[in-house]
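Biologist: I have a model open and want to learn how to read it. Where do we start?

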Amino acid sequence: MVTEDARGRPPSAARHARGSSRRRSWLGWRFVAPFMTVFALVFLAPIGYSIYLSLYRTQLVGGTAFVGLDNYVKALQDPQFWSAFGRVSLFLVVQVPIMLFLALLVALAIDSGRLYGAAFFRISVFLPYAVPAVVATLMWGFMYGTRFGLIGNLNEAFGLSLPDPLSPDLILASIGNIVTWEFVGYNMLILYSALRVVNPSLYEAAEIDGADQFRIIWSIKLPALRGALVIATIFSIIGSFQLFNEPSILKALAPNSITTYFTPNLYAYSLSFAGQQFNYSAAVAIIMGVITMIIAYVVQLRGMRKAV
């Protein structure tokens, strides 16, 4: 006597259906496996190893010992860490809005269709992003020089007394200028790409209703850029907290202005490779990673929240 399953199928058909379902499931994992392997090796494994290092302390006397969260407690009480964190936070609050505002202006100008040579202008603005950060910093560091660079030449040629951009009071603004020059084009491309997907019929309908360009920008273009602005802001937040290349290169030109704890990443690097404090350096890096993740997540939630 042949029995049927709950769906009225004979046992052979039910087994065949279960086998097909399992094969489809494994087929999906085969497609995902290469990415998951690389993801685990280059992302999860380093994070796991950093967490492991941060839970130990290596000393000349006693060797390596498990200390639990002592390195994290030490970092949270470290005035140099908080000085570095405060510096990049100030950098974030001042530099990122300026950079995104400039990128927004450029994207709107190119999208308007009223800019002569828009294609050339778009490439020109984006081109600095193609310059490696090391090369860009060296170039600007040379121009900032008061003895051998552009500032020094201007002072000598015109009898001026321009302030030193590499002085302790101006070094953070000088680094902000370099980063802005590098990434305005990158953020412009994100915003401009978002504008290109807006249906042109919306602009035509607005013009028929008598809306001017400012009204179109405010009512159509800026709402369409909401998601792109959130993405650009998150990328900029991550980049600000990861600030490393520019201060580390300019340190040779301005040793009195850039300390070993100028930014959290530079501090972690100095602890690890100059101070041989690998375990404490790992704890500093993990704390900065968590702080960056939390702030980026909060910005994403607030940015994507629909207006009531």
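Modeller: We go from surface to core, then to one side chain. Keep in mind that this is a predicted model.

Biologist: Which residues form a nonpolar patch on the surface?

Modeller: Trp-26, Leu-27, Trp-29, Phe-31, Val-32, Phe-35 and Met-36 do. Together they have about 830 Å² of accessible area.

Biologist: Take Trp-29. Is Trp-29 buried or exposed?

Modeller: Exposed means over 50% relative accessible area. Trp-29 is at 53%, so it counts as exposed. Trp-29 sits in helix α1, residues 11-54.

Biologist: Now inside. How many residues has the largest nonpolar core?

Modeller: A core joins buried nonpolar residues through side-chain atoms within 4.5 Å. The largest here has 21 residues. Phe-81, Phe-241, Tyr-280, Val-284 and Ile-287 have the most contacts inside it. Two or more residues come from each of α2 (70-76), α3 (79-111), α10 (226-241), α12 (264-274) and α13 (278-304). The largest share, 7 residues, is from α13.

Biologist: What does Val-284 touch?

Modeller: Leaving out residues up to four places away in sequence, Val-284 touches Ala-75, Phe-81, Pro-264, Ala-268 and Leu-271. Another core, of 18 residues, lies apart from that largest one. Leu-108, Ile-110, Leu-191 and Ala-194 are among its members.

Biologist: And a polar side chain. Why does Thr-180 count as buried?

Modeller: Buried means under 20% relative accessible area. Thr-180 has 12%, so it is buried. Its place is in helix α7, residues 171-196. A polar atom of the Thr-180 side chain lies 2.7 Å from the backbone oxygen of Gly-176. Beyond four places in sequence, Thr-180 touches Gln-95, Met-99 and Leu-102.

Definitions and conventions:
Residues numbered from 1 in each chain as written. Predicted model: local features only at pLDDT ≥ 70, side-chain atom pairs only at ≥ 80, totals over all residues. Heavy atoms only, no water. Patch = residues over 30% accessible without salt bridge, like charges linked within 9 Å, V, L, I, M, F, W, Y side chains within 5 Å. Areas by Shrake-Rupley, 256 points an atom, 1.4 Å probe, with all protein chains shown as cover. Salt bridge = Lys/Arg side-chain N within 4 Å of Asp/Glu carboxyl O. Helix = DSSP H or I, 4+ residues; strand = E, 2+ residues; numbered from the N terminus. Buried < 20%, exposed > 50% of the residue type's maximum accessible area, 1.4 Å probe, protein only. Contact = heavy atoms within 4.5 Å. Polar contact = N/O pair within 3.5 Å; in protein donor to acceptor, adjacent residues only side chain to side chain.
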